[in-house]
Amino acid sequence: MSIDERAIKPMDAAEWFRHRSYDHAQFSDLEDLARRKCEQNLTVSLVLPCRNVADTVGGIIDEIQAVNERAPLGAPLVDQILAVDADSEDGTVDVAIRHGAEVYSENELLSHYGGAHGKGDAMWRSLSVARGDLVMYADADTKNFEPQFIYGTLGPIIKVPQIRYVKAAYRRPFKNHETLEQDGGGRVTELSTKPLFNLFYPELTGFVQPLAGEFVADRELFNSIPFLTGYAVETGIMIDVLKKVGLGAMAQVDLGTRQNRHQHLRDLSRMSYAVLRAVARRMRQEGRLQTVRDPSLPDTLFQFSDYLHAVATPDGLKLQEHVEELVERPPMAEVLRVS
Ligand SMILES: Nc1nc2c(ncn2[C@@H]2O[C@H](COP(=O)(O)OP(=O)(O)O)[C@@H](O)[C@H]2O)c(=O)[nH]1
Ligand SMILES: [Mg+2]
């Protein structure tokens, strides 16, 4: 697809897919990309949410630095590399510092909000220290982080004036001991997010990886929307960005293949629940879902914070109870205004 400059207007998912899907190869001229970035006086912060990623985060930071070195002198593509760490116990912080990232403990950022609630909260708190005009997030557990993850994701937002949000797309293999299933990864995406979007947010059905951790927007846009905590964060951002700027200002870019650290199916069950809760929460706010059995009771009494998980184990059947509070953080612009 050409790098067009269509005016932002309402689009349906199919039309959006045709006009707003890019390929990383369209942005591989780093000199040109860096020049366009300079002309617009843009700076970029890249945020890596980290929890026990000592084995992968160093290589990812090196790759970012290598891309910066390939861009012309004095005009790096990424101006600030931030690692926001969940007090990892595997030495993540040391690795990230050694490789040159600016490192924060998620619990020390905006600590008056208490301990951080998972990935989404770490991402939200990082906005209080991100200086770039553009803020890009990238997962830090990618095993094959390649240069196009950076320039491919940044490409459309730097080069296409109407675009304010870019989401990564890729194939996700599933590696299990000796076997490799080329498109077997991304199970929550395929089994929860896509069916839910088809039913309730059809505008978003053109996204190949709606839960991808690699995406970028201008800081003003991220600062203007609330963030849901934990694994609800990406779903919430997709819905809130859509409402804020419309589909025409959103894009996706094919980055190739991403090999992710797999989680156990049982943990994915809870992740799936986080996605469902994000959708339910937004639908409730839009008046499309009535969740309180007695409408005279306030909604806060019905937070779905317990996940009862019935499982069969070698010791027999168990009913496990997981308590995960879903917190909605206010737009960072409001927080920074009052502090
Ligand atoms: N700071 C922080 N990072 C997290 C937390 N949970 C996950 N991450 C990081 O967020 C990224 C994606 O998380 P992951 O658990 O791999 O989710 P998945 O890839 O969607 O299955 C990785 O870099 C994780 O290390 C958390 O509670 N706090
Ligand atoms: Mg992962």
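Helices (at least four residues) and strands (at least two) are DSSP runs here, numbered from the N terminus. On that count, the protein chain of this predicted model has 11 helices and 14 strands.

**View 1. The whole protein chain, before zooming in.** The C-alpha atoms sit in a box of roughly 60 × 50 × 45 Å along the principal axes. The radius of gyration is 20 Å, and since a compact globule of 339 residues would come out near 20 Å, the two agree. Of the 339 residues, 43% count as buried. If you take the contacts between residues at least 6 apart in sequence, 73% of them join residues at least 24 apart.

**View 2. The shell around ligand 1.** There are 18 residues around ligand 1, and Pro-49, Arg-51, Ala-86, Ala-122 and Ala-140 come nearest. By type, the shell splits into 7 nonpolar, 4 polar and 7 charged residues. Three elements each chip in at least two residues: strand E2 (44–50), strand E3 (80–85) and helix H5 (118–126). H5 has the largest share, with 3 residues.

**View 3. An open sheet of 8 strands.** Reading across, the order is E1-E11-E6-E9-E5-E2-E3-E4, and the pairing is mixed. At the edges stand strand E1 (21–23) and strand E4 (102–105); each has a single partner strand, so one side of each has no neighbour in the sheet. On average, neighbouring strands are turned by 25° against each other, ignoring direction. Helix H3 (residues 57–70) packs on this sheet, where it touches E2 and E3, and its direction makes about 170° with that of E2.

**View 4. Strand E2 and its partners.** On one side of the pairing story is strand E5 (residues 134–137), which runs parallel to E2 and is joined to it by 4 bridges. Look for Val-47, which stands opposite Tyr-137 in E5. E2 also pairs with E3, again in the parallel sense, over 6 bridges. Here the residue to find is Leu-48, opposite Ala-83 in E3.

**View 5. Side chains along E2.** In a regular strand, side chains alternate between the two faces of the sheet. In E2, Val-44, Leu-46, Leu-48 and Cys-50 point one way, while Ser-45, Val-47 and Pro-49 point the other way, and all are buried. To count as buried, a residue needs 20 or more other C-beta atoms within 10 Å of its own. With 7 of its 7 residues buried, E2 is largely enclosed by the rest of the structure. Pro-49 also turns up among the residues that come nearest to ligand 1.

**View 6. The antiparallel pair E6 and E9.** Strand E6 (residues 165–171) and strand E9 (residues 215–218) pair in the antiparallel sense, over 3 bridges. To get your bearings, start from Lys-167, which stands opposite Phe-215 in E9.

**View 7. Gln-320 and its surroundings.** This residue lies in strand E13 (residues 316–323). Is Gln-320 buried or exposed? The limit for exposed is 12 or fewer other C-beta atoms within 10 Å, and Gln-320 has 12, so it counts as exposed. Leaving out neighbours within four places in sequence, Gln-320 is in contact with His-309 and Val-311. Ala-310 is 10 residues away from Gln-320 along the chain, and their C-alpha atoms are separated by 6.1 Å.

Terms used. Residues numbered from 1 in each chain as written. Chains lettered and ligands numbered in written order. Predicted model: local features only at pLDDT ≥ 70, side-chain atom pairs only at ≥ 80, totals over all residues. Near = placed C-beta within 6 Å. Nonpolar A, V, L, I, M, F, W, Y, C, P; charged D, E, K, R; others polar. Rg over C-alpha atoms; globule rule 2.2 N^0.38 Å. Contact = placed C-beta atoms within 7 Å. Pairing = 2+ DSSP bridges. Axes fitted to C-alpha atoms, helices over the stretch in contact; angles between N-to-C directions.
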